[in-house]
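Let's take a walk through this protein together, one stop at a time. Have a look at the model first, and then we'll start with a small puzzle.

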Amino acid sequence: MDKKLIVKKDSLLLWFLCLLVGVSAISTNYGSVLRYTKYLIPPIFLLFAFSGIRKLKIYATPLKNLLLFSGLIILNLFVSIVSYDLSFRFFEEALLILLPILSIILITTVIKKPVGVILDSLFVVYAIIFIITNISFFFNVNIINDFILALKTSSLKTESWMAFPFGLFMIFYIIEKRKVRTIVSIILFLLAFKRISIVGALLGLAVYWFFSIRNKKASNKKNVYYWFIFLNFTLLIIIYNFIQGNFDQLITDITGISPNWFTQGRLRVYTDTINHFSSNIFFGNSLGSTNLFLSANFENISFLHSDILKIIVEMGFVSYLIWVFGFFKINLVSKKAIPLLIFMNLLFLSDNVFIYFDTLFIFYLLIIYYSLQPESYEVRKSS
């Protein structure tokens with residue numbers, strides 16, 4: 001009898017989680033204030049955790065992520081206080097970074113169901129929300145032609161932030177060889193149509209195929225980890241040369257348009273931001289300072305559109321080094337995590353992923369899933 005009650009309670013908690021996520025997702029699509037519903041997940045599930053009588057179990061991987069980012073935030077808080085650069089935006093940004101991790105720790109502690117079941121349920125929620133939001137598009141007889149045209153114009157009516165979580169789900173289902181969900185996730189991912197996410201998913205799966213299938217020796221955790229470090233320093237060199245204008249002529253020759261136009265105005269944003277904050281680039285300025293600077297100096301632009309640059313400018317190059325070495329060390333839990341990390345790495349390069357709760361929420365959940373699998377690096381090491 002007790003076991004049946006426990007199962008029922010866990011199912012109700014999962015349904016409640018899906019309700020909060022679903023209300024938030026559809027409200028985000030329609031611009032409603034209810035999009036903030038997702039931020040209720042940590043306090044509500046914290047109450048469930050304290051009210052439960054069962055033994056609580058916290059998974060190591062999200063806890064390590066929490067400690068990494070908390071440490072970086074505390075370090076930046078000290079720098080901000082010393083430099084008299086602390087603002088209310090600092091605390092907003094800190095919460096945005098920590099809430100997805102806290103949410104994952106709490107739901108996986110309270111909901112005693114397999115992580116794979118939670119992932120499957122959330123995928124159904126996101127899929128339903130996306131289809132409902134774009135229902136008229138699915139009855140469009142020219143849907144294929146519109147998609148082909150979008151590849152040229154870079155614009156599609158169904159383009160959505162949901163491409164990021166769908167990209168994670170698609171990689172997950174492809175790797176796990178779940179055919180029906182793979183097909184559905186691919187369709188939804190392509191229709192959500194974020195170019196960088198498409199590039200990131202393809203690159204991630206290609207590298208995973210190389211490391212895990214074609215080159216068994218290269219799939220050693222230490223080797224893969226070094227490749228990620230090399231990738232990020234290479235990206236940093238590319239970004240530096242791009243901002244310095246060293247690629248201007250090359251971009252103009254290939255595309256026929258100016259670098260700033262090619263990047264949809266981001267080059268000027270990057271250049272002005274780096275020039276403004278360059279004096280404190282080593283130890284950083286203050287979390288949220290780029291948001292305040294851009295809001296004051298650019299019309300309708302509040303975010304830097306590059307979390308890598310954001311970390312360097314706001315937290316400093318020292319904190320960036322800590323983040324690079326720590327983040328990939330913690331989350332490289334399995335070969336199957338490789339494409340997920342590559343996908344996220346490219347998003348960190350070109351977008352504001354740290355404020356995308358849903359994307360990080362699904363990412364951390366997938367990392368837990370793979371940290372528990374028999375082929376995970378941790379399990380192999382301890383066996």
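Is Asn300 buried or exposed? With a relative accessibility of 75%, Asn300 counts as exposed, because the cut-off for that word is over 50%. You'll find Asn300 in the loop between helix 14 (289-297) and helix 15 (307-315). Keep in mind, as you look around, that this is a predicted model.

There's another reason to stop at Asn300: its phi is positive, about 65°, although the residue is not a glycine. Why point that out? Because most residues other than glycine have a negative phi. Lys177 is another case, with phi near 55°, and this residue isn't a glycine either. Lys177 sits in the loop between helix 7 and helix 8, and at 71% relative accessibility Lys177 counts as exposed too.

Now zoom out for the overall picture. The protein has 19 helices and zero strands. Of its 383 residues, 50% count as buried. Take the contacts in the protein with a separation of 6 or more: residues 24 or more positions apart account for 78% of them. As for the outside, the accessible surface comes to about 19000 Å², and 68% of that belongs to carbon and sulfur atoms.

Next, pick out two of those helices. Helix 3 (residues 60-82) and helix 18 (residues 357-371) have axes that come within 9 Å and cross at roughly 135°. That angle makes helix 3 oblique to helix 18. On the helix 3 side the contact is made by Thr61, Pro62, Asn65 and Phe69, while helix 18 brings Tyr364, Ile367, Ile368 and Ser371. If you wonder why the angle and the distance both get a mention, it's because two packed helices are described by the angle between their axes and the distance between the axes.

Stay on helix 18 for a moment, as Thr359 is found there too. What does Thr359 touch, leaving aside its neighbours within four places in sequence? Thr359 is in contact with Phe164, Pro165, Leu168, Met344, Leu347 and Val353. Thr359 counts as buried, because its relative accessibility is 0% and the cut-off is under 20%.

From here, turn to the charged side chains. The count of salt bridges comes to nine. A good place to begin is Arg89, which pairs with Glu92 in a salt bridge of 3.2 Å, N to O. Both residues lie in helix 4 (residues 88-110), three residues apart, or about one turn of the helix. Arg89 also forms a salt bridge with Glu93, where the closest N and O atoms are 3.0 Å apart. Glu93 and Arg89 are four residues apart in helix 4, again about one turn.

How covered are these three? Arg89 counts as buried at 15% relative accessibility, and Glu93 is buried as well, with a relative accessible area of 2%. Glu92, on the other hand, is partly exposed at 30%.

Another salt bridge joins Glu159 and Lys194, with the closest N and O atoms 3.6 Å apart. This pair links distant parts of the chain, as the two residues are 35 residues apart. Glu159 is in the loop between helix 6 (143-153) and helix 7 (163-175), and Lys194 is in the loop between helix 8 (179-192) and helix 9 (195-214). Glu159 counts as partly exposed at 36% relative accessibility, and Lys194 is partly exposed with a relative accessible area of 23%. Back at Arg89, salt bridges that share partners join Arg89, Glu92, Glu93, Lys310 and Glu314 into one network.

Our last stop is on the surface. Tyr30, Val124, Ile128 and Ile132 make a nonpolar patch of about 370 Å². Which helix gives the most to the patch? That's helix 5 (residues 115-133), with three residues. Ile132 lies in helix 5, and Ile132 is partly exposed, with a relative accessible area of 41%. That value lets Ile132 take part, because patches are made of residues with over 30% relative accessible area.

Key: Residues numbered from 1 in each chain as written. Predicted model: local features only at pLDDT ≥ 70, side-chain atom pairs only at ≥ 80, totals over all residues. Heavy atoms only, no water. Patch = residues over 30% accessible without salt bridge, like charges linked within 9 Å, V, L, I, M, F, W, Y side chains within 5 Å. Areas by Shrake-Rupley, 256 points an atom, 1.4 Å probe, with all protein chains shown as cover. Salt bridge = Lys/Arg side-chain N within 4 Å of Asp/Glu carboxyl O. Buried < 20%, exposed > 50% of the residue type's maximum accessible area, 1.4 Å probe, protein only. Axes fitted to C-alpha atoms, helices over the stretch in contact; angles between N-to-C directions. Parallel < 35°, antiparallel > 145°, perpendicular 65-115°, else oblique. Contact = heavy atoms within 4.5 Å.
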